[in-house]
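Could you walk me through how the two chains meet and where the pockets lie? Let's take it step by step.

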Amino acid sequence: MKLPIHVSEESRVPIYHQVENQIKTLIIGGQLPPETPLPSIRVLASDLGCSVITTRRAYQNLEVGGFIKTVQGKGTFVREIEKVIKQETKQKVVYDAFEKAVDQGKQVGCTKEEMHQIFKEVIKRNFKENGG
Amino acid sequence: MGISLLDVIGLEKKFQNFQLGPMDLKVEQGMVVGLVGANGSGKSTLFKLLMNILRKDNGQILLFGKNVEKNEIEVKQKVGFAGDLLDPYGHLTIEELAGMIAYWYPTWNKEQFNHLIKKYNINTEEKFGKCSKGTKKKVEFIFSLSHDSALLLLDEPTAGVDIVSQRKMKEDLILFMEEGERSIIIATHNADEINQLCDDIVVLQAGKIIYSFNKDEVYENWAKLWVSRVPDELANHPNVILFSTNTPVQVVTNNAHKIERVLQSKQVSISHSQRLTMEEVFEYLIET
């Protein structure tokens, strides 16, 4: 299985960190349910064009964080994660996404007021259409 | 870090018009090392020295921690080599060649050999000398993978090989590495192979290693920065590889963090920064 993750050419965030965060997002979002097998560090490195040092580090961090587990001789799998971690990570993912959006807004010269306005509109549009 | 499968110390070989080394090289367990360099930079010579097909003048070669000359048979049985060695046996069929190689290697894995012969669609009744360049490459590759080796030495294994077989070879090399305690040294001119297979890169030029690095270090450190202007401090900075003062004003660096600090201190704004592809990096490395 090829994971839908992507190493950004623009981001200065270390590659292992990008990989770690994207896999976390897929697990928290439910796209990778518990017990899903993950590609080996060698296969993932090949897919992403990085070295196994990077993918090993990302997997080690995910394992320490309780997101994945390695079964000797069988491979790496998604773990059942606790609700608290799920909630915390969910918030962090959203927080980071907003952080990035604001960063890009600043780059194109958006003011604080303009960004507030855009934020309100996006929220309004998205939640109205979904009836939420 | 881990155990090294290959240690080269002070290796030297002189020819009338070419000198390899002095050279140091280390290959750790679990790593794929890409050997990159222009034609005639010494890649094939290095492989022949490692295999003790060519006699070195000076230095030491340790395979699995053991001296190659003193333990030649023992250590070579654990090395899979593919690099135009079989041409003198062109009069033999692939079947006959396999018989000969199986005799040399007690760990010959007939099942694996048959599996690969089928996978790559090889007619074993054909004489090796009559095969196309790509087929010869595939046959050598199959032999190197058929005796349970711990280290593969591959000299441009996919040169002249069709695209579908190239993909299969990449898959087989990834599978080979899944075992975790093995290593590969692969000489290649193919950027895809470097991107998809290699962990470390060694650049050879005129018989010497001019660069040796982990692939991700390059991704993290090399960058192209779009800036408002190029301050004087950067014009001759050792970490600036290239800059252009025409719009868009750009700086190419091999140490983005350091250059960003210089730019910040000079109040120069960075509008955009981008990692370089491996191909771009090679172009700069070989130009400079």
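In this predicted model, B:Asp199 pairs with A:Arg42 in a salt bridge, with 2.8 Å between the closest N and O atoms. Across the interface of chain B and chain A, the rule finds 1 salt bridge. Polar contacts add to the picture, with 13 residue pairs counted between the two chains. On the side of chain B that touches chain A, the elements giving two or more residues are α6, α7, α8, α10 and β14 of chain B. The largest share, 5 residues, belongs to β14(B). Sorted by class, this side of chain B has 10 nonpolar, 9 polar and 7 charged residues.

Now step back to the whole contact, which takes 26 residues from chain B and 21 residues from chain A. About 1900 Å² is buried between the chains, and carbon and sulfur atoms give 41% of that area. Look for B:Asp216, B:Glu220 and B:Arg275: they supply 30% of what chain B buries against chain A, more than any other three residues.

Next come the pockets. The largest pocket holds about 1100 Å³ of space, and among its 29 lining residues A:Ser8, A:Ser11, A:Arg12, A:Val13 and A:Lys100 lie nearest the centre. Both chains take part, with α1 and α4 of chain A and β14 of chain B each giving two or more residues to the lining. The most, 11 residues, come from α4(A).

The second largest pocket has about 750 Å³ of space. It is lined by 27 residues, and closest to its centre are A:Ile41, A:Arg56, A:Thr70, B:Glu178 and B:Gly180. Here α3(A) gives the most to the lining, with 5 residues.

Note on methods:
Residues numbered from 1 in each chain as written. Chains lettered and ligands numbered in written order. Predicted model: local features only at pLDDT ≥ 70, side-chain atom pairs only at ≥ 80, totals over all residues. Heavy atoms only, no water. Contact = heavy atoms within 4.5 Å. Buried area = accessible area lost by both parts, 1.4 Å probe. Salt bridge = Lys/Arg side-chain N within 4 Å of Asp/Glu carboxyl O. Polar contact = N/O pair within 3.5 Å; in protein donor to acceptor, adjacent residues only side chain to side chain. Helix = DSSP H or I, 4+ residues; strand = E, 2+ residues; numbered from the N terminus. Nonpolar A, V, L, I, M, F, W, Y, C, P; charged D, E, K, R; others polar. 1 Å grid on protein atoms, 1.4 Å probe; cavity = no way out; pocket = protein on both sides within 12 Å on 5 of 7 lines; lining within 4 Å. Points joined across faces, edges and corners; volume = space filled by probe spheres on them.
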